[in-house]
Structures are given as structure tokens and as C-alpha cells.
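User: I have a model on screen and some questions about its fold. Can we go through them briefly?

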Amino acid sequence: VTDRRVRLATVGAAGLAVVVAAAADPHGRIPGLAALGLIILLAELVGFRLGDGSFVPLAPAAVLVLIRTTALRGAPHNDDLRFLVVIVLAELLAVAARPPAACARGRWQPSFVRLAGGFAGFAAYALVVRYFDGGADRDVTLLALSAATIAVIGIDLLGRPHRWADLVHSGGVRAYAALAASGMLMALAAHGVGNSPAMGLLGVALFAVPLLAASYSFAQVDAVRRTTAQTIRALSVVPELANLATTGHADRVARLAGAIADHLALSPSERINLEHAARLHHLGHVCIDDTDVRGGLADPADVTETTARMLRETGHLAEAARVLDAAALHHRGKDASLPPETRLAAQVLKVASDYDDLTDGDAARQTAAIESLYAAPGYVYDPRVLAALELVTA
Amino acid sequence: MRHLPQRWLRSYVTAVAVVAATAALLAVRSAHPSRAALGALLVLAVVGVFAERTAIEPPQGLTISPGMMLTMAAIFTLASGQLVPAHGVMWSHHAAALARCGAFVAAAEGIWFPHIRKREFTKLAFNTSQMFLAGVAAASVFSWLYPAGTQSPPRFLLAAWPTALTYAVINVGLTVPVVAMATGRPPRELVKEVRPVYLQCLPFALIGGAFGWLYLQLGAIVVPLVAVPILIARQTFMSSIQLRAAYEETLRILVKALEEKDRYTAGHAGRVATYAQYIGEELGFSAARLARLRYAALMHDIGKLVVPNHLLNKPNRLTAEEFAVVRRHEDVSVELLGMIDFLRPVAPSASGDFSRYEGDTDALEPYIVAVADAYDAMTSTRSYRRALPRAVAYEELRARAGTQFHPRCVDALIAAIERRGVAHGPGLDDDEVFVIPPPSLGTGSAGLGDLAPSLPVAPVPPIEARP
């Protein structure tokens, strides 16, 4: 709540500054620049939520508009200073107002990245315009704007912790493509090309609509994904509440399996399947009729198969069912025909689950547990997975 | 509306096609396009043919298609007068004539590949014709409100909406008779269904105008720039729809798995979700609140997963200890629903605490689920008694409204069921196969009612056993 209040106050102050500027100097350039500063600040607050929970603000697109506004005539020029003042002020305010999702690497880091990107973009734009002797025709404009876009977006990408494969998987490439295209459109619409008339802030607002629609769609996807993850988590504790698994087993196995998968460099999608499978691998137990196995324990392979059967019918957990099926087949020694990555994922699940059964979350039992896994016959556990387990738990 | 003879439909379609062809001929004759104008028309028409394939059809609501945007871009580009060789006094007149050729872009959007593949040329001809006519009318309105040479963003804002509205009204006006004749549905209902289109077309028209404005300055290179964010928004929105459907599917499957455990409650969760939705609709809930209510109702018994099978399906009265074990499922349900953020506000729906009404509170959901649950428990066969007739269930609900049930929820459910004319009760759950023939007495509430020692024993009307 406090956070929201700070955000409102910051945006309100910036809005007030725009109004004051417009009242003091209605025909000058200052109100327009102040409005752009406000737009940059607002664009820091809205953005794309990617699949891995990270946040991509819309600010780079707004920075492109500011670059085109101030660098139109090339550098060096008075506009250098105008650009500097607007972007620094907007980013300083953004430090206070930034939503928690954008602060994964600290409150200041995104502002530094944006300033670096902004300066690089401004320099790129101004240099291209200057190289063509201040030309402002179509081709020079497009060339200069492309250079600025590459600089701004490129530096923003460098400031992120992503590996390329993760960026593709989490929808980051789509987000950045939409940012780049919309940023160019808004910058082009704000000022006419050559001697053509300008649409000004109306153009910026109109071409912001598809970008906002895209970020809204990302938010929708994120909401469903989060709900799905929470539902899976809720279902994963059902066997524990039914006293069919130890408390925290599913969660620990999922974390451990994820860590081992990272170590073995499984693909992002297979890693997610593995985590779902790990969370739900005991769920089938609650559906096995206890009138048949009253008092005794159900066969682990039966449990895994029942879970797999339940999940196979669902739309998006069917992939997790594949991992569970592979685990059940391995238990019965019939997994030779499966694709290697599925087999590896099933192995990771088995190792993580058996390790947790042995340690029960107790760090003191680690060494003994790993020793007894190594002591099992060679065909039971994959040595690569055991090696990874040893490294991950060390 | 009753079915009209096929002949009428055919004459109507032919008439529209003839009018459109005449309009097209007139438009082509009066326009003197430059090469740049022809290029713009061609580019936008080609994009238009493919744009219709990117239309989104959300599960409920109207198709969202970027077609309006392209038509508007073409009209704006051609009506500006910049693509007319600037000679003579008839300049703005030429520009207006050229703008009407922008309707060819609209006609191109009427080309739908599946119609060609399935050789449904009548549909194809009708769609291109009606869209062409809508485009011509929109172009005329636009060049009247925004004559060639005008370069004022506020004036453009003022001109865009009447243009878009003209387009939408003619589009709907020409299409509704065909759909009404082909399906026999009343036209008024169809018109009501497409009402949101009038609001929806405005943002597309505005963006289309800005698109046309940039096109004039930069040429075809703006097409990919405009297309990329729109396509990304569309693709992501589609995947959110698919993910949501997959999520619901997953819940249903898991609930089914739960019901496998509890043989007497087959279909119970789904029915409670339906009744809860009835009540929510009757009380005027928003779509988001309805969705949440439906999920909560669907999952209200999820905690039963932790109850051992031999207790759930026990045909006899439970002992006190056994009852405590079974009763624990409510707490588990509440705990599990509480783990899901968007269901947390309605998590108490799964609790038995709301089987007692104590005045109005903010959250109606728990009471709604309680009423829906009790109604289904009474009108379906349980391990301890057979289904009761609907009238008995109503009476029971009404009798306990204000003490056990929320009166508004009871009224809403009864009204909704009566209005829909659906029947529940004995004889309607015959598809269930029972291993042990259930007894035929007891009213019960939430499936545990007549086991609960704390609840007052209900006056049980004698019920005829099913023949």
C-alpha cells in the first residue's frame, strides 16, 4: 500500500510539473518535453510480465520518442542538454515509483540501464543525422531511428540476466520485438518526416494502444500461468495432508529436480515438465482404492502410473505425465525405447524423490543418503544424475 | 423469425452484389488514381486479405479483427489528396472519388480462404459486396468531414468515429438479414449481440488513420512496423485463451478423479458449479466474479481427496471418529483453495461454517455454494438416500432460508432454475450405477447433513421410492 502511495505521489508530482510548464510557457518546447518525461515515467511502471516472472517496462519505447524529439537536428546542439535533463529527471523519479516486479536487480539498476541505453541511442541518432549533414528525409530518418532502436533495445537486453534460450522461452523476444516496433512508430508519428506535419502526442498515444494491448495480453497469460502453478502446488500437498507422503516432500523434490535439471542443462520446457511431474508424482496415491491396500503401502510404480493416467487426460499437464510414465517404465525396466531426454528427466525425478525419502529434508543425512544411492545396482540410478545430485547438494 | 424460402435469401444476396458491383464501377470510373495511389491500394488490399485470418474469436463476445484499421488506413491515405496529381480546381473532388476506391481494401478483407476452398462462392460474393458498400459509405463520410488538404489531428479525431460508425452500421445492417434468414433467429437478437462492435471499431479506426498518415510519409515500410505489435498482442491473447481453457480442463479432470473416489457424487462438483453460476448470474455478478465463483464451486469438495475411500463410500452411518475424519475435508478444502491467490477470497465457500445464515456479509460466494451444494445434494442420489423431487428441494430451501441459507441466494436459485425450465430430481440421475442400492430417506445438506450431530434433524417428508 505504501508503495502504491509513493507511486501515485511521484506520478502526481510529474503531472503537476507538466501542467505548470504548460501554463508558464504555452507555446514553447518545454511543456512537450515535460510531457515526454511524464510518459517515460509512466512507461517505467507498465510493462510485459515474462514467463519467468521478470518484468520488461515499456520505457525503452518512450525513450525512443524523446531521442527523436531532441536529436532531430543532429548533435552537437542545445538539445543534448534538453535530452539529458528530461531523461535523468524521469529516471530519478522512476527510482522512487518503480513497481517491486521491476526491482529484481535493485531499484537503481533499471534506471542506469535506461540512461546508458538512452545516451547510446541519442548518440547513434545524432551521429547518423550529422553524417548526412542534418538531412531529415525519409531514408536518413529511418536509418537514424533504426540505429537508435538497436542501441536502446540492445543495451536493455544486456542489462538482463537472461540466457538467450530462456528469453525465447519466456516470451521476451516477442516483448522486445513489440517494444522496438512500437517505439519506432511512436517516434515517427510524434514528428513528421521531412516537411510533413506532425501528429505529436496524439500519434504517440495512438501507437501506444497496440503496445498496451500486447502487455495486457502478457499479463493475462501471466495470471493464468501463476494460477496454474498455485493449483499444482495446492494439489501437490494433498498426498501430504492425507498422510501418504511426508510434509514438504513434493516441494523439496521439485526444487531438487529443478536444480539437477539446470545442472544437466535440460531444455526449459522439459525442466518445467519435470517440475510439474515432481510436484504431482504422489497425487495418484489418493485415488488408489484403499479398500484393496488397507494398511499396506501401494506399489510406487502403481502410484506413478495412476498419477500419469490422471494427468495424461489434461491438456497441459499431459507432458508431465510423459515424464511420470517414463519413471514407471524405468521402475519396471522397460524404458529403453524412450527418447533420451525423457529418460533423463525421469531419472532426475527418481533420484530426487529417492534422495528425499532417504534424507527427509534433514541435511545431516545427506552423505549417508548419497552413499546408499551410489551403492544401489548400476542400472537403478543414472551415474550422471547422481554426480549432478552430489554437486547440487554440496 | 420463421424460415424464409431459400429463394428470398438468394434474391437478397444477388441484390446486394448488384448494388456493390454498380458502386465499384462508378468508383473506378470517377477516380483517376496515380501510380502511388494504386501501389497503396494494392499493398493494403493484400495485407487486408491476410489480416482477416488474424481475427480473434474469444470464447464469449465478438470477433476482434483488425480489418477496420486497414480500411481506415486506405481511406485516409487516398482521401488526403496527396496521391492525386495536384492540378485543376477539382482537386478535393478527385481525392473524394479516389477515397471511395479505398473500399476495395474492405472488399479484399471479405475474401476468406476457407470459402474459396469449399467453393462457397455465394458467401464470398456476399461478404466482399457488403464490405465494399460499407467501405464506400465510410469513405464518403470521411471525405466530407475531413476534406483533402486538412491537416489537423483534432479534426481527424472528430471525423474518425462517424466514419467507423457508418462502416459498422452498414456492415451489420446488411449482414443481419442474411444470418436471420439462414438461421431463423430473430434479427433483433442478432443486432443486440453485435452491439459492442460500435465501440470496438473506434480505436481500430483511429489507429488506422494514424497508420494511413504514416503510410503517406514513409510508404509500405510502415506495414511491418504496425503489424508486429498487433500480431504479437494477438498471438499472446490467443495463448492466454488457450491456457485458460487448458486450466479449466485440468481442474475438471482432477475433479473427475476425485469423483472416481466417491462413487455416489459423480457429476456433483460440475452441477454445483452450474447452480452456483445460475445464482451468480441471477444476482448480476461480473464475468470475473462469476468465473471465480464457478472455480470455487467446482473445487469446494477438493479436500475429500484426503479422506480414505472406505469412509467416503460407507453405506452405513459413520461413527463419531469416522465422522471427524470425513469432516476434516472441509478444512482441507479451505486450505487448498487458500493456496490459490484468485480463489483465496472465496476459500470459505468450501467450509461448512456457512451452512448457517447470520445476516448479510460482503462475501456472498460461500452462501451461494452452500445453497447450490444443498440443492444438488437433495436432487441427486447419495449413499444414504435416493434423490428428492425438485418441489421438495425448493420447499426445504425456502423453509431454511434465513436460518441456514441466505434468502437471496435461495430465491435466485429457484428463479434461475424455473426460468431455464431444467428438471432435476428422482428419475433424472438414472445413468448412475450403484453397487449398493441407496436408501430413500433423509434430506441432507452438503452431503453430510444428516450425519452432522450439531444440525437440527430436518422434518423428513415420506418419499416414494423410485419404481
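Analyst: Helices, of at least four residues, and strands, of at least two, are DSSP runs numbered from the N terminus. Keep in mind that this is a predicted model.

User: How many helices and strands does chain A have?
Analyst: Counting follows the DSSP runs. For chain A the result is 17 helices and 2 strands.

User: What is the radius of gyration of chain A, and what would a compact globule of 394 residues have?
Analyst: A compact globule of 394 residues would come out near 21 Å. The C-alpha atoms of chain A fill a box of roughly 85 × 45 × 40 Å along the principal axes. The radius of gyration of chain A is 28 Å.

User: What percentage of the residues in chain A is buried?
Analyst: Buried means under 20% relative accessible area. Chain A exposes about 17100 Å², with carbon and sulfur atoms supplying 63% of that. Of its 394 residues, the buried part is 53%.

User: How far apart are the mean positions of the positive and negative charges of chain A?
Analyst: Chain A carries 34 positive and 37 negative charges. Their mean positions are separated by 8 Å.

User: Which helix gives the most to the largest nonpolar core?
Analyst: This core has 123 residues. Those with the most contacts inside it include A:Phe48, A:Leu179, B:Phe142 and B:Phe211. The top contributor gives 14 residues. That is helix α10 (residues 197-218) of chain B.

User: Which residue of chain A does B:Phe211 touch?
Analyst: Residues up to four places away in sequence are not counted. Among the chain B residues it touches are B:Leu44, B:Met69 and B:Val226. From chain A, the residue touched is A:Phe207.

User: How many residues are in the other core, apart from that one?
Analyst: Its members include A:Leu349, B:Leu258, B:Tyr278 and B:Ala372. The size of this core is 109 residues.

User: Why does A:Arg312 count as partly exposed?
Analyst: A:Arg312 lies in helix α13 (residues 300-312) of chain A. Beyond its neighbours within four places in sequence, A:Arg312 is in contact with A:Ala318, A:Ala321 and A:Asp325. Partly exposed lies between the cut-offs of 20% and 50%. A:Arg312 is partly exposed because its relative accessible area is 44%.

User: What is the phi of A:Ala265?
Analyst: Most residues other than glycine have a negative phi. A:Ala265 is not a glycine, yet its phi is positive. The residue sits in the loop between α11 (249-263) and α12 (268-280) of chain A. Its phi is about 55°.

User: Is A:Ala265 buried or exposed?
Analyst: Exposed means over 50% relative accessible area. The relative accessibility of A:Ala265 is 59%, so A:Ala265 counts as exposed.

User: Which residues are in contact with A:Thr247, leaving aside its neighbours within four places in sequence?
Analyst: A:Thr247 is in the loop between α10 (238-241) and α11 of chain A. A:Thr247 is exposed, at 68% relative accessible area. Its C-alpha is 49 Å from that of A:Ile39. Leaving aside those sequence neighbours, its contacts are A:Glu240 and A:Arg252.

User: How far apart in space are A:Gly200 and A:Ala187, C-alpha to C-alpha?
Analyst: A:Gly200 lies in the loop between α8 (172-190) and α9 (201-236) of chain A. Outside its neighbours within four places in sequence, A:Gly200 is in contact with A:Ala189 and A:Ala190. A:Gly200 and A:Ala187 are 13 residues apart in sequence. C-alpha to C-alpha, they are separated by 9.3 Å.

How values were computed. Residues are numbered from 1 along each chain as its sequence is written. Chains are lettered from A and ligands numbered from 1 in the order in which they are written. This is a predicted model: local features need pLDDT of at least 70, side-chain atom pairs count only at pLDDT 80 or more; totals for chains, interfaces and linings use all residues. Side-chain values use heavy atoms; hydrogens and water are left out. The radius of gyration is taken over C-alpha atoms; the globule rule is 2.2 Å times the number of residues to the power 0.38. Buried means under 20% relative accessible area, exposed over 50%, partly exposed in between (1.4 Å probe, protein chains only). Accessible areas come from the Shrake-Rupley method with a 1.4 Å probe; for residues, only the protein chains shown count as cover. Lys and Arg count as positive and Asp and Glu as negative; His and the chain ends are not counted. The place of a charge is taken as NZ of Lys, CZ of Arg, CG of Asp or CD of Glu. A nonpolar core is a set of buried Ala, Val, Leu, Ile, Met, Phe, Trp, Tyr and Cys residues joined through side-chain atoms within 4.5 Å. Contact means heavy atoms within 4.5 Å.
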